[in-house]
Amino acid sequence: MSTLEIKDLHVSIDTEQGSKEILKGVTLTINTNETHAIMGPNGSGKSTLASTIAGHPRYNVTSGSITLDGEDVLEMSVDERAKAGLFLAMQYPVEVPGVTMTNFLRTAKTAIDGEAPKLRTWTKDVKEAMGKLKIDADFAQRNVNEGFSGGEKKRVEILQLELFKPKFAVLDETDSGLDVDALKIVSEGVNRAQEENQMGTLLITHYTRILRYIKPDFVHVFVDGKIAEQGGPELADRLEEEGYDRYLNVNA
Ligand code: ADP
Ligand code: MG
Ligand code: MG
């Protein structure tokens, strides 16, 4: 078992008006084989948490820690984080002109594992994984994210999960812009990665819809840069009925 531990994390960004604190003391422990949903209103800092775990340079950690099995994640470069077993799917995946999906996936897999995958098994693995996610075969020769629809980008994120086999995945708004069929396919992919690889998942979402397909073990409600409440799956059901008003009213 592996553990990703976030302790009293404070994060600021530089703005024209000076430094602004976004995360105000986040503490969260995720073990492999657990799914944690982070839910909360827009602007509460969910993506900031994801970007900070990913090592985005814009976000300054002013205090607190993130460790993976005791190793200091904040000291790691973005590449080292991936090597250590962290997978970060960004809310807006970037386009990489001139690089085909096949080359991108193989290069990334090689960097993560520290050795190139054997070509024959790799080609088979990619084909199989693409098939499960209902990704068209000629996708492999297209440039990374170039002209991909929102749904296609999400599928490719999950394709990476299947191929890279990370210990932990941080999925930020993976449900946004997906129709029900795509949402099911993507959710099945996440569930498969969890069952087959005991992946731990931090599932960040504004809406409860995806939680019908990916069952969280724990739900954390994020308000104003902090966890305002924690519970089990029943908390997601309550949020579906009541929304976030009660948390926002408390803050008003
Ligand atoms: P969420 O994902 O919950 O909607 P975010 O983490 O995106 O929340 O944003 C939290 C707060 O931080 C918001 O007030 C947002 O305006 C601010 N913020 C986040 N990232 C930036 C940024 N790069 N530049 C300016 N403000 C930012
Ligand atoms: Mg589980
Ligand atoms: Mg966000």
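**View 1. The open sheet of four strands.** In this predicted model, four strands make up an open sheet, and their order across it is 2-1-4-5. The pairing between them is antiparallel. Strand 2 and strand 5 (71-72) lie at the edges and have a single partner strand each, so one side of each has no neighbour in the sheet. Strands of a sheet are held in pairs by backbone hydrogen bonds, in either a parallel or an antiparallel arrangement.

**View 2. The pairing of strand 1 with strand 2.** Strand 1 covers residues 3-15 and strand 2 covers residues 18-31. The two run antiparallel and are joined by 11 bridges. Leu4 has Ile30 of strand 2 standing opposite. The connection from strand 1 to strand 2 is a hairpin of two residues.

**View 3. Helix 1 against the sheet strands.** Helix 1 lies across three strands, namely strand 1, strand 2 and strand 4. The angle between helix 1 and strand 1 is about 105°. Helix 1 spans residues 46-54, and a loop lies between this helix and strand 4 (60-68).

**View 4. The surroundings of Gly55.** Gly55 sits in the loop between helix 1 and strand 4. Is Gly55 buried, exposed or partly exposed? Its relative accessibility is 22%, and Gly55 therefore counts as partly exposed; the buried class ends at 20%. With residues up to four places away in sequence left out, Gly55 touches Val78 and Arg81. Ser77 is 22 residues from Gly55 in sequence, while the C-alpha atoms of the two are 7.1 Å apart in space.

**View 5. The crossing of helix 3 and helix 5.** Helix 3 consists of residues 101-113 and helix 5 of residues 150-164. Their axes come within 11 Å and cross at roughly 40°. The two helices are therefore oblique to each other, since the roughly parallel class holds angles under 35 degrees and the roughly perpendicular class begins at 65. The crossing of helix 3 past helix 5 is right-handed.

**View 6. The residues between helix 3 and helix 5.** Which residues of the two helices meet? From helix 3 the contact includes Met101, Phe104, Leu105, Ala108, Lys109 and Ile112. On the side of helix 5 they meet Val156, Leu159, Gln160, Leu163 and Phe164. Sorted by class, this contact of helix 3 with helix 5 has nine nonpolar residues, one polar and one charged.

Definitions and conventions:
Residues are numbered from 1 along each chain as its sequence is written. Chains are lettered from A and ligands numbered from 1 in the order in which they are written. This is a predicted model: local features need pLDDT of at least 70, side-chain atom pairs count only at pLDDT 80 or more; totals for chains, interfaces and linings use all residues. Side-chain values use heavy atoms; hydrogens and water are left out. Axes are lines fitted to C-alpha atoms, for helices over the stretch in contact, and angles run from 0 to 180 degrees between N-to-C directions. Angles under 35 degrees count as roughly parallel, over 145 as roughly antiparallel, 65 to 115 as roughly perpendicular and the rest as oblique. A crossing is left-handed if the near helix is turned anticlockwise from the far one by less than a right angle, and right-handed if clockwise. Contact means heavy atoms within 4.5 Å. Ala, Val, Leu, Ile, Met, Phe, Trp, Tyr, Cys and Pro count as nonpolar, Asp, Glu, Lys and Arg as charged, and the others, Gly among them, as polar. Two strands pair if DSSP finds at least two bridges between them. Buried means under 20% relative accessible area, exposed over 50%, partly exposed in between (1.4 Å probe, protein chains only).
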